[in-house]
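Dear colleague,

I am handing over the structure shown below, and I would be grateful if you would read it alongside the notes that follow.

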Amino acid sequence: MNLRAHLQHILTEALTSLGLEAKNIAILPTKDSSLGDFSTSVAMTLAGQAKKSPLKIAEEIKAVLTLDATMVSSVTVTPPGFINFIQSDSYSQSVLNSVITNRSAFGQDFQGKGKRANVEYVSANPTGPLTVGHGRQAILGDTISNILDWHGFDVTREYYFNDAGRQMRVLGESVEARYFEHLGKPFDFPEEGYQGSYIKEIAKIIIDEHGKGLHSGSIEFREFAEKFIFEDIKSSLKSIGIKHDVFSNEKSFYESGAIEKVVKELREKNLVYEKDDATWLRTTEFGKEKDRVLIKSSGEPTYRLPDIAYHCDKLDRGFDLAVDIFGADHMDTYPDVLSAVEALGHDITPFKVLIHQFVTLLKNGEKVKMSTRKGDFVTLKELTESFGSDVVRYFFIMRGMNSHLNFDLDLAQDQSEKNPVFYLQYAHARICNIINRCKAEELSVNPDADFTLLMEGPEKELIRKLDQFQHTMEAALESLEPQIVLNYLQDLAGNFHKFYAEYRVITDDKNLSEARLGLIESVKIVLASGMGILGISSPARM
RNA sequence: GCCCCGGUAGCUCAGCUGGAUAGAGCAACAGCCUUCUAAGCUGUGGGCCACAGGUUCAAGUCCUGUCCGGGGUACCA
């Protein structure tokens, strides 16, 4: 059993026996290990309720704790009322034994076993290459999927796209214009058309593959462009190790009649009405300031309508958890969609919506305003080609999704050489190297080595850190913030590098060498697990 | 105007459900490779955690207000 869970248990018992409220007992690893391994502030929290000084309560709690000596070696009380726990040697022993025995399964709690999760991410319409901004979402989504997967969820990675709307029509018109431009014929470039150079390339390829005889309004333009761009998107994602399981197409909801059904049901609930030749959704009923258009006067629906049908469909498919990952531009739109889904009688609690802030690109110290339509952007592919998948993935995870991300293209090249991702990978590679050396010395990993020989500060720190892996992963599941995993690994690697600088694994003392080998093997296992979750490779040599 | 996110070291950012002395990388400076990989380690300097109130035994963290930056507020997605 995990020490933290054990402490939770005995503290609950102790508080109950004292007639105190045993709720929200915060047990945290101490920052300063000289104070102990874990501490709780529960005595101070309860001081008001019990009308006693925190120190007195702490002492009382300490007196009635039923300690398991195989886990806790001592308990101290320090002002202003912390209760500190020092873990026993046998517990430390069991941590390393557990890592080495369970290997990649170490730390897994299988909270999601038997549950199905859906993660929708990227979902960019095929109107142009994926940009750096999409990259952030792609990597967030993929990593969150990995976290769910780690916890035992059956995860469906989904990409939803819209190929029936206005954007795709304009795409077709843009390609058509470039087609006739290439052929030296008169053309009309749409006012809101896509201006990127890739449109011209597509037009050229159409000439090569379909000849010069296409007429204005031909469906080929749009269809070819969509197919071509989608291939590019998929290959961009592949280059950073991302593959979706399901591509959901808006069109299918028209074909299945789901869209009509949504409108009909919303109308029956009086949530839809006609005005100015358009069909409106009564979002004011959901607390919004204004109602929103559902179907334009042109007859084209806005994205809201298919989105509602799509979200109903996700629920119908029986997911226990459905994570939507959107950019900040969706901030205002998803509540309407979810409210409508709820109004249609669905339970929307499976939905968890994550909003990430934008990526700002800096070039020559100035902001680059990115627009797919204007063709002014840096693609994810360019980024990956310059820096490699590991660096790109790390870069996008290292910042919380709520932070605006500044990406300085000039600095990126310099920094890529000193990128913190190498710090992690280097720790792993160093360990692999030592393990190889150990083999030559005929030292092998033994889960029952005498780990009580690991008495030095950095060694104890490593064991403490390894013990926190499970809790870290629980926190990552709770918050769906991949960054938590990354911060943990960074700390673990840091602890290892400190240990490495000061101590040698291969020594004259065979028992000590064996114990240290077990320690670094454990670090390697957890590093590899964590890096796997982040989608970052863990090289054996660098 | 209204809604959402942010404001922490010179720069980019961490800071777990409020906890003990606020951290990392980069940048600057000074050390450490005859010994398992120096993509590393050690040390120095650098902070009114935007500002003002409030809650609490305890606030970078929670509440209110102000200021600054970003996003949204479309019959675009």
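Strands, in what follows, are DSSP runs of type E with at least two residues, and they are numbered from the N terminus. With that in mind, Pro80 can be placed in the loop between strand β3, which covers residues 72-78, and strand β4. The peptide bond leading from Pro79 to Pro80 is cis, its omega being near 0°. Please keep in mind that this is a predicted model.

The protein as a whole

Chain A contains 20 helices and 15 strands. Its C-alpha atoms fill a box of roughly 85 × 60 × 45 Å along the principal axes. Of the 542 residues in the chain, 51% are buried. The surface that chain A exposes amounts to about 24900 Å², and 48% of this is supplied by carbon and sulfur atoms.

How do the contacts in chain A spread along the sequence? If one takes contacts between residues at least 6 apart in sequence, 73% of them join residues at least 24 apart. As for charge, the chain carries 61 positive and 78 negative charges, and the mean positions of the two sets are 2 Å apart.

The surroundings of the RNA

RNA strand B is surrounded by 66 residues, and the closest are Lys290, Lys296, Tyr426, Asn433 and Tyr503. Among the atoms of RNA strand B that come within 4 Å of the protein, sugar and phosphate account for 63%.

Which elements supply at least two residues each of the surface near RNA strand B? They include the strands β1 (27-29), β4 (82-87), β10 (292-295) and β15 (405-408). The helices α2 (42-50), α6 (166-182), α16 (420-440) and α19 (483-502) belong to this group as well. Helix α16 provides the largest share, with eight residues.

Three polar contacts may help you to find your way around RNA strand B:

- Arg166 has a polar side-chain atom 2.7 Å from a sugar or linking oxygen of the strand.
- Gly400 uses its backbone, where a polar atom is 2.7 Å from a phosphate oxygen of the strand.
- Gln483 has an N or O atom in its side chain 3.3 Å from a sugar or linking oxygen of the strand.

Arg166 lies in the range given for α6 (166-182), and Gln483 in the range given for α19 (483-502).

Individual residues to inspect

Is Ser236 buried or exposed? Its relative accessibility is 1%, and a residue under 20% is called buried, so Ser236 counts as buried. Ser236 sits in helix α8, which spans residues 219-239. Apart from neighbours within four places in sequence, Ser236 is in contact with Leu130, Leu380 and Lys381.

Two further residues have a positive phi although neither is a glycine. For Phe110 the angle is about 55°. Phe110 is located in the loop between α4 (89-102) and β5 (116-120). With a relative accessible area of 40%, Phe110 is partly exposed.

For Asp276, phi is near 50°. The loop that holds Asp276 runs between β8 (272-275) and β9 (278-281). The relative accessible area of Asp276 is 58%, and the cut-off for exposed is over 50%, so this residue is classed as exposed.

Yours sincerely

Technical notes. Residues are numbered from 1 along each chain as its sequence is written. Chains are lettered from A and ligands numbered from 1 in the order in which they are written. This is a predicted model: local features need pLDDT of at least 70, side-chain atom pairs count only at pLDDT 80 or more; totals for chains, interfaces and linings use all residues. Side-chain values use heavy atoms; hydrogens and water are left out. Helices (H or I, at least four residues) and strands (E, at least two) are DSSP runs, numbered from the N terminus. Buried means under 20% relative accessible area, exposed over 50%, partly exposed in between (1.4 Å probe, protein chains only). Contact means heavy atoms within 4.5 Å. Accessible areas come from the Shrake-Rupley method with a 1.4 Å probe; for residues, only the protein chains shown count as cover. Lys and Arg count as positive and Asp and Glu as negative; His and the chain ends are not counted. The place of a charge is taken as NZ of Lys, CZ of Arg, CG of Asp or CD of Glu. A residue is near a molecule or strand if one of its heavy atoms lies within 4 Å of it. A polar contact is a pair of N or O atoms within 3.5 Å; within protein, one must be able to donate a hydrogen and the other to accept it, and residues adjacent in sequence count only if both atoms are side-chain atoms.
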